[in-house]
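User: I've got this model open and I'd like a close look at one part of it, the side-chain pairings. Could you walk me through them and then show me what sits around them?

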Amino acid sequence: MNDSPGSAAGLAPDVLASFETHRRELCAYAYRMLGSSFEAEDAVQETFTRAWKSYASFEGRASLRSWLYKITTNVCLDMLDGPQRRARPMDLSGPSRPDSPLPAPQPDYVWIEPIPNGLAFGADPAEHASAKDTLRLAFVAACQHLPATQRAILIMREVLRFSASETAEALTMSPASVNSALQRARATMSKVQPTTTDTYDETDEDQRRLVDNFVKAFEAYDMDTLTSLLKADVALSMPPIELWISGPENVAAFMLSTGSACRDSRLVRLEGANGLPAFGHYKPGDEPGVWVPWSITVLELDGDTIAGLNFFLDTEKLFPLFGLAPELHEPVS
């Protein structure tokens, strides 16, 4: 996203550069708060705009990082001023039969969106490892059950490791109120967050092999091999469609019926989304030798099995976000 002309006029280049060093972590924070990668980018840009305008009044009483987090928190709370919370299909209804007709798509603001790893993670592998668990789709979706202020407190205290006094300063509250709200947030999260969370370690050879085997099986449309890779309670979802399928046999039945348009698809490996394996998914187009966007596909893993197949179908928005081409073509021999 480009900065508006003149919005940073009068600030020294080193000040602007110091803002930029915090962009990714602020984007990750805003994403956890909002559940949308696009809204998170907008929130960080608005944060920088407010910071540019008020920098003269920033006297270093707090660290620049704490000050930017305070502004970002206020921006996110402004954006969350309403009852709407983003969700995943499995948060809204029970599983569907594999032969169920596809319902009409819901508006994009209903759904948790994926976020590219490059928007949320810095270059430091240690930082990446510590942050990625709290960018998982399941964790972000669970956070959406919290009132906005509790959400901010939980993320600042438990994810960012801010002290109670730092969190209180950011939210203009007392430390005692922060601690009380944190206890309520923890109680809610214990009810809505899955007891087992997906785990993915890109340095794990077995998990890399699992992902590679998934790609081979999916592109070959080999349902026997594909189902052998899936966890017993695997969930397949396709936002913005409010339908999800549970269980390997039902996933295979769906893929061979309603989902059969995915046969002969191509998967383009991405850097990752939400700290998870992700692909640009292209399905065959009307013209031979051409594949067209179908989804951003994000896998959730649980040890040596695939626990979630997430097909995010809003390719018009998501493919540019992930830097993907609008078409794939058969190589000319």
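Here is a walk through the aromatic pairs, one helix, the cysteines, one loop residue and the salt bridges.

Analyst: Keep in mind that this is a predicted model.

Let's start with the rings. A pair of aromatic rings is described by the distance of the centres and the angle of the planes. Searching the whole structure turns up 13 aromatic pairs. Take Phe19 and Phe48: their ring centres are 5.7 Å apart and their planes are at 40 degrees, which makes the pair tilted. Phe19 sits in helix α1 (residues 13-20) and Phe48 in helix α3 (residues 37-54), so this pair ties together parts that are 29 residues apart in sequence. Both rings belong to buried residues: Phe19 has a relative accessible area of 1%, and Phe48 comes out at 0%. For another geometry, look at Phe218 and Tyr221, an edge-to-face pair with 6.0 Å between centres and 75 degrees between planes. Phe218 and Tyr221 are buried as well. Back at Phe19 and Phe48, the two belong to one aromatic cluster that also takes in Trp52, Tyr55, Phe58 and Trp67.

Next, a helix. In α10 (residues 164-171), the buried residues are Ala164, Thr167, Ala168, Ala170 and Leu171. Look down the axis of α10 and these buried residues fall within an arc of 160 degrees, so they line one face of the helix. The general background is handy here: an α-helix has 3.6 residues a turn, so residues three or four places apart point the same way. As for what covers the buried residues of α10, the cover includes α4 (64-79), α9 (148-159) and α11 (175-192). Right after α10 comes Thr172, which has a positive phi, near 55 degrees.

Now the cysteines. If you were hoping for a disulfide, the structure holds 0 of them. Cys27 is in none, and the nearest cysteine sulfur to Cys27 belongs to Cys76, 9.7 Å away. From the other side, the closest cysteine sulfur to that of Cys76 is the one in Cys27, and 9.7 Å is too far for a bond. Cys27 is buried at 4% relative accessible area, and Cys76 is buried at 0%.

Then there's a loop residue to zoom in on. Arg85 lies in the loop between α4 and α5 (89-92). Its relative accessible area is 29%, so Arg85 counts as partly exposed. Setting aside neighbours within four places in sequence, Arg85 is in contact with Val110, Gln144 and His145. You can also check the backbone here: the C-alpha atoms of Arg85 and Tyr109 are separated by 8.3 Å, although the two are 24 residues apart along the chain.

That brings us to charge pairs. Side chains of opposite charge can pair when their charged atoms come close. The whole structure has 18 salt bridges by this search. One of them joins the side chains of Glu20 and Arg23, at 2.8 Å from N to O. Glu20 is partly exposed, with 36% relative accessible area, and Arg23 is partly exposed too, with 22%.

Asp133 and Arg136 make another salt bridge, with their closest N and O atoms 3.5 Å apart. The two ends of this bridge fall in separate classes: Asp133 is partly exposed at 46% relative accessible area, whereas Arg136 is buried at 2%.

For a bridge between strands, go to Lys231 and Asp302, whose side chains meet at 2.6 Å, N to O. Lys231 is in strand β1 (residues 230-238) and Asp302 is in strand β5 (residues 290-302), so the pair ties together parts that are 71 residues apart in sequence. Lys231 has a relative accessible area of 22% and is partly exposed, and Asp302, at 23%, counts as partly exposed too.

Finally, some bridges share partners, and these join Glu39, Arg86, Asp108, Glu113 and Lys317 into one network. If you want to click through the view yourself, begin with Phe19 and Phe48, the tilted pair, then go to Lys231 and Asp302, the salt bridge between β1 and β5.

Terms used: Residues are numbered from 1 along each chain as its sequence is written. This is a predicted model: local features need pLDDT of at least 70, side-chain atom pairs count only at pLDDT 80 or more; totals for chains, interfaces and linings use all residues. Side-chain values use heavy atoms; hydrogens and water are left out. Rings of Phe, Tyr and Trp (its six-membered ring) pair if their centres lie within 6.5 Å; planes under 30 degrees apart count as stacked, over 60 as edge-to-face and the rest as tilted. Helices (H or I, at least four residues) and strands (E, at least two) are DSSP runs, numbered from the N terminus. Buried means under 20% relative accessible area, exposed over 50%, partly exposed in between (1.4 Å probe, protein chains only). The arc is that of the directions from the helix axis to the C-beta atoms. Contact means heavy atoms within 4.5 Å. A disulfide is a pair of cysteine sulfur atoms within 2.5 Å. A salt bridge is a side-chain nitrogen of Lys or Arg within 4 Å of a carboxyl oxygen of Asp or Glu.
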